Amino acid sequence: MGNSHGVLTTEAADNLTALAECERLFAEVLTDIVGIDHVEVDSHFFDDLGADSMVMARFCARVRKRPDLPSVSMPDIYKHPTIRSLAAALAAATTTPAPRPATMPAECERRFAEVLTDITGTDHVEVDSHFFDDLGADSMVMARFCARVRKRPDLPSVSMPDIYKHPTIRSLAAALTTTTGSEPASASQPATPAAPLERPRHARKGKYVLCGALQLLVLLGYPALTAAVWVAGFNWISTSSNLVDVYLRSVAFGAAMFLGLCTLPILVKWALVGRWKPQQIRVWSMAYVRFWLVKTLIQRNPMVLFVGSPLYSLYLRALGAKIGRGAVIFSRNLPVCTDLLSIGDGAVIRKDSFFNGYRADDGIIQTGAVNIGRDALVGEATVLDIGASLGDGAQLGHSSALHAGQAIPAGERWGGAPAQRSEKTNQMAVSARDVGTGRRVVFSAVQLGNLLLLGLPLTFGVADFALPRLPEFGPLLDAAPVSLTTWTFFLDALVVSAVVFFGALLVGLVLVGTVPRVLNLFIKPDKVYPLYGFRYWVHRAIARTTNIRFFTTLFGGTSYIIYYLRWLGYSLRGVRQTGSNFGEMVKHDTPFLSAAGSGTMVADGLSIINADFSSTSFRLSQASIGPDNFLGNMIAYPPQSKAGDNCLLATKVMVPLDGRVREGVGLLGAPSFEIPRSVRRDRDLDVSSADELRRGLRAKTVYNTISMALFLLVRWTFFLSVIVVYLAAINLLHFLGALALAVALATALVIVFTVAYNVVVDRLFRPLQALVPQGCSIYDRAFWRHERFWKVTSLTFVLAFNGTPLKNVIWRLLGMRVGRRVFDDGLRVPERSFTTIGENCTLNADTVVQCHSQEDGGFKSDRIAIGAGCTLGVGAFVHYGVTTGDGAVLATSSFLMKGEEMPPNALWGGNPATEMREHPGNRQVRKTGGDNGATVLVRGG
């Protein structure tokens, strides 16, 4: 008994010694980072030391590089905000004796096989099986294997280069136990035969250039051909002798044009691809060109106008998707691999969701199934990776993600990124209404009638009436030459463009503030209405007319945004003017039920959710943001929010819907957890007195007003230039009887000119950017200059080149350092010259690399460096001050916080992102025989 007690006492003493040593080492690291002489172990990181999340992210990165300290993540920091509590929580990992790494090849082989068997979900793995050719693993699976092995102290560390060099368990174990064993290998020993390497995934330069050339032909030729057909149709319509004939011809041609644009993607898809199957397609190959062409045509067709309509589901069925009866899809992000999409009866998919049926990983396009069960709900701003599924009646919350292979069982409610089971509020608690086939047919017929019988004929009629009366077009239509060298020509173009541009601006401002108010008289808050009726049409009309991006870009980030949102219908009474109350990207379901309290500020990307839907009904409710809140980027804010007064909602946060109302705290992550509302260092950036605030606000308003004028000038100049290009082309070729050819050539030239013009504008305003890692006040001129750069420049045109080598060229012209053969399927970068992307990176759709942050009255910016061969998953968000090592992978819909450092070949994921330990699997078996170098994947059990 005494001996036993003595052993326990000794162990306790050892633990206390280890804990004290851990505290000392933590304090040593933090002292060096914050630049002070001494750090007390009981000092609160944020309240006492004045550190912020950037400082603590650097602390975590520094600690992770120390083999004598346990790994620390930002969630650990927020949960244990002193050195003493942090060491107590984590030091146990260092006091447990680590097993000795296996040094015998046979033992190492057994343990490697054990790990890989668990990851691939198979019963047994042969030690001589090739990881890629025999087991069907891909780079994501093997990255998870590496990460899992690195967590095992009884195994040598493995990296992805080791995997590619030694692609079997036997060769890998032999190579690593030789280098980690107690005795070095003798030079006289026969070397292990080199295992065959995986075929290189990176395309040769010739294929890369050929792919880009073919894509450029499509990007220039398709719009040019469309414009030429439109001109031919307009000529046919304009030769009519009476108004009735003009109308009938307009209806006939408009219907034919609409049918052709909608049918072409279907025909091309079935001709070039047939049925989509689970497969792998190497980027820049000819198989990829076919994939890209089908994707581009599908995503750029007019059926996107019918989102939330039965016509939308009908169109997806024509593309091969299995859409159940009564399913409703509100997302404008059209799926590509439609044959792999299955949506059950009565399912609801909310707006801004991604369910593409494909993803890109390490230079490979992977296609896979997405299954959504009967009566399931997919929330707003969600991502469904390949292999994801929802059972019948399952729900995935807003701002969430299902990673590859994740499945929500029937009837369960999940949320987060990656999603996990929760007990959150039922988000489809809207009573059902009787919506029969007749109502759906009538609503669809009315939609088509509005477009084909009213919209298109009105467009052709206005053009037929106005063009002959314009000073530039009249002589052309009368077959009289126009001199391009006279001042009269350019003066007339100047006047016409100004009248059209600024006239449309004023008319638009009047319409968005009046027509929706009249329509809103037919809608009552919190009342349930059936879908596909008059009030559903009213709701759609209000949402579309009040969410015009041009106006929010014009007024956003300035003092005028408050007045514009009030004009739309927002309830902003008593709001304290800051000059940056709302950013340039804010949207809503209805402005008349959207409100924000005094002192609240919103960065960018806010989506106010006022609508709740079932598959047969909808309801509009008040969504109110409390006073003194700060909302970061890309937040979906629902009416059931439990964020109360004085809260900080971090970037991509999943707004809580259950439990108590949070007040005076910060919320981070998905699912969200509490962090400090603010830190001393950020509070120091704000102004200190009312007089200083008034002076700063007045000066900021003047500066922003000039920025708005420059915004309008740049857009008007572009509009004028486009008119001149078309007039010049028509003037040169019209008299040769080639008007359609002239318009086609002008359309292609306008696309090239759009790129050149925006690059010039970007270069002119690029010096305004402010690199301020330590931050500055929003009333500092450095921030105003940066705001001007955002407002005047544009990124919309860049997204037209997604998935092409041309986008890399454009990024370089815009000042970003981009390596060779980067695959970019939808990256957005607000600060291009602060960003570095390594060669052979893979960037998925809707990824954001943002080199700045605004919190309350402070602004910070810093550089971002993405290493070579990295992969950013769909919807991933990388914040400022981040570096990633070569070959690192950031999983789907993850948020990599500011200041993080991802090691080479690491696999990170989540919101906030940390090293993944139990990443959802991609259980796939690979078989050869794919089309044109593609690799077919068969979904495993």
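**Exercise 1.** State where Val244 lies and whether Val244 is buried or exposed.

*Solution.* Val244 sits in helix α11; helices here are DSSP runs of H or I with at least four residues, numbered from the N terminus. Val244 counts as exposed because its relative accessibility is 57%, where exposed means over 50%, buried under 20% and partly exposed in between (1.4 Å probe, protein chains only).

The model is predicted: local features need pLDDT of at least 70, side-chain atom pairs count only at pLDDT 80 or more, and totals for chains, interfaces and linings use all residues. Residues are numbered from 1 along each chain as its sequence is written, and side-chain values use heavy atoms, leaving out hydrogens and water.

**Exercise 2.** Find which residues form a nonpolar patch on the surface with Val244, and which element gives the most to the patch.

*Solution.* Step one: the members are Val244, Tyr247, Leu248, Leu453 and Leu454. A patch takes residues with over 30% relative accessible area and no salt bridge (Lys or Arg side-chain nitrogen within 4 Å of an Asp or Glu carboxyl oxygen), and nonpolar side chains are joined within 5 Å. Step two: together they have about 490 Å² of accessible area (Shrake-Rupley method, 1.4 Å probe). Step three: α11 (243-272) and α14 (437-466) each give two or more residues, and α11 gives the most, with 3.

**Exercise 3.** Compare the reach of helix α17 with its expected span.

*Solution.* Helix α17 (residues 534-545) has 12 residues. The expected span is 1.5 Å times one less than the number of residues, giving 16 Å; from first C-alpha to last, α17 reaches 17 Å, close to that value. Buried residues in α17 include Tyr536, Val538 and Ile542.

Key. Patches are made of residues with over 30% relative accessible area and no salt bridge: like charges are joined within 9 Å, nonpolar side chains (Val, Leu, Ile, Met, Phe, Trp, Tyr) within 5 Å.
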